[in-house]
Amino acid sequence: MDTVLIAGGRTTGLMMAAELARRGIPVRIIDKSPGIDPHVRATLLHSRTLEIFQGLGIADQATQGSIAEHGVRIYSNRELVGDSRHQPLDSPFPYGMAQSQAHVEAVLEAHLGRYGVAVERNVELVELSQDETGVEAGLSLADGSKETVSSQWLVGCDGAHSSVRHLIGSAFPGEADRIPYMLGDVQIDNDLERGEGHVFLHGSGQLFIFSTLPQERRLVCATLELDQPIDGAPSLEQLQAVVSQRCGPRMRLRDPRWLTYFHINYRLAPHYREGRVFLAGDAAHVHSLLAGQGMNTGIQDAFNLGWKL
């Protein structure tokens with residue numbers, strides 16, 4: 001019997017598995033995806049997360065190529081109207097560092113591998129039962145076969161649409177923002193300050209350009225009209241039109257890696273534990289993507305729960 005089964009191999013699950021493995025706890029980690037998601041879903045490592053990484057000896061790898069975020073500039077109808085400076089913290093990492101979630105996942109997966117544990121890809125949790133002594137989980141494997149696994153504990157790190165949360169019957173109260181968003185991972189030809197976020201307020205909506213990521217990439221996020229129907233993915237030309245309207249024609253987008261529409265959800269599970277099953281990260285709480293709350297709270301959930309288990 002494995003001591004702990006972890007469902008979900010993103011940042012939260014990888015941290016969870018690594019924290020157990022480095023203490024010699026038998027652990028198994030599964031993920032239904034084929035590999036690390038190259039799409040940039042989070043862009044900022046907080047100071048506390050970097051302190052954790054420093055203790056694990058992976059802070060240098062996690063921040064490779066990244067720069068500190070020192071503040072946010074605010075514009076109204078294309079004119080600069082505010083400049084909010086982040087005050088440095090009493091920390092070896094006094095500022096957050098701009099970095100993509102995909103890079104952080106790669107660093108954590110390599111860290112986990114040093115303890116002889118690998119993520120089992122294309123494996124999905126489909127059944128779950130538990131009693132006072134342990135958990136029995138039904139898995140659907142990559143080759144289409146089924147497997148039943150017994151463990152003392154199960155940790156659901158499987159995201160906002162968590163199978164673990166559904167299988168234990170946990171509610172996920174909250175709401176979806178009625179405002180749709182357009183998101184793009186692009187490069188921009190401009191003279192924006194690299195180590196800052198930029199917020200453009202305009203009569204047609206808001207536009208956020210986050211701090212520069214390694215390889216000079218930027219995540220651009222624009223609000224659309226309230227309750228506007230969204231389907232498929234936007235084109236670079238559509239995102240460019242919004243950027244030109246709210247920022248001016250000097251902002252030229254190029255080399256898109258990812259373009260999408262989405263709605264922000266704000267949700268919180270009533271409990272993070274049900275018997276021998278835990279929820280962590282987005283499986284337990286989802287937030288706005290602004291300020292990198294999701295990735296950082298998930299990593300810190302796992303770091304906290306790891307030593308307790």
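Colleague: How many disulfides does the structure hold, and what makes a pair of cysteines count as one?

Modeller: This is a predicted model, and it holds 0 disulfides. A pair counts when the two cysteine sulfur atoms lie within 2.5 Å. Take Cys247: the nearest cysteine sulfur, that of Cys221, is 12 Å away, and Cys247 is in no disulfide.

Colleague: Why is Cys247 called buried?

Modeller: Its relative accessibility is 5%. Buried means under 20%, so Cys247 counts as buried. The reasoning for Cys157 runs along similar lines: its relative accessibility is 7%, so Cys157 counts as buried too.

Colleague: Cys247 is listed in α6, I see. How do you know that the span of α6 agrees with its number of residues?

Modeller: Helix α6 covers residues 236–247, which makes 12 residues. The expected span is 1.5 Å times one less than the number of residues, so this helix should span 16 Å. Its end C-alpha atoms are 16 Å apart, and therefore the two values agree.

Colleague: Which other residues of α6 are buried, and what covers them?

Modeller: Besides Cys247, the buried ones are Leu236, Leu239, Gln240, Val242, Val243, Ser244 and Arg246. The cover includes the strands β11 (174–189), β12, β13, β14 (218–223) and β15. Just after α6 comes Gly248, with a positive phi of about 110°.

Colleague: Let's turn to the pockets. What makes up the lining of the largest pocket?

Modeller: There are 50 lining residues, and Arg41, Gly159, Ala160, His161 and Asp282 lie nearest the centre of this pocket. The elements giving two or more residues are α1 (11–21), β2 (27–31), α4 (101–113), β8 (124–130), β15 (252–268) and α7 (293–308). The largest share, 8 residues, comes from β15, a strand that also helps cover α6. By type, the lining divides into 20 nonpolar, 20 polar and 10 charged residues. The volume of the largest pocket is about 1400 Å³.

Colleague: And what is the volume of the second largest pocket, and which residues lie nearest its centre?

Modeller: The second largest pocket has a volume of about 450 Å³. Its lining has 27 residues, with Leu44, Glu69, Val72, Leu290 and Ala291 nearest the centre. At least two lining residues come from each of β12 (196–202) and β13 (205–209), and β12 gives the largest share, 3 residues. This lining divides into 15 nonpolar, 10 polar and 2 charged residues. Both β12 and β13 are also part of the cover over α6.

Notes. Residues are numbered from 1 along each chain as its sequence is written. This is a predicted model: local features need pLDDT of at least 70, side-chain atom pairs count only at pLDDT 80 or more; totals for chains, interfaces and linings use all residues. Side-chain values use heavy atoms; hydrogens and water are left out. On a 1 Å grid over the protein atoms alone, a cavity is a set of points where a 1.4 Å probe fits but cannot get out, and a pocket is an open set with protein on both sides within 12 Å along at least five of seven lines; lining residues have an atom within 4 Å of a point. Grid points are joined across faces, edges and corners, and a volume is the space filled by probe spheres set on the points. Helices (H or I, at least four residues) and strands (E, at least two) are DSSP runs, numbered from the N terminus. Ala, Val, Leu, Ile, Met, Phe, Trp, Tyr, Cys and Pro count as nonpolar, Asp, Glu, Lys and Arg as charged, and the others, Gly among them, as polar. Buried means under 20% relative accessible area, exposed over 50%, partly exposed in between (1.4 Å probe, protein chains only). Contact means heavy atoms within 4.5 Å.
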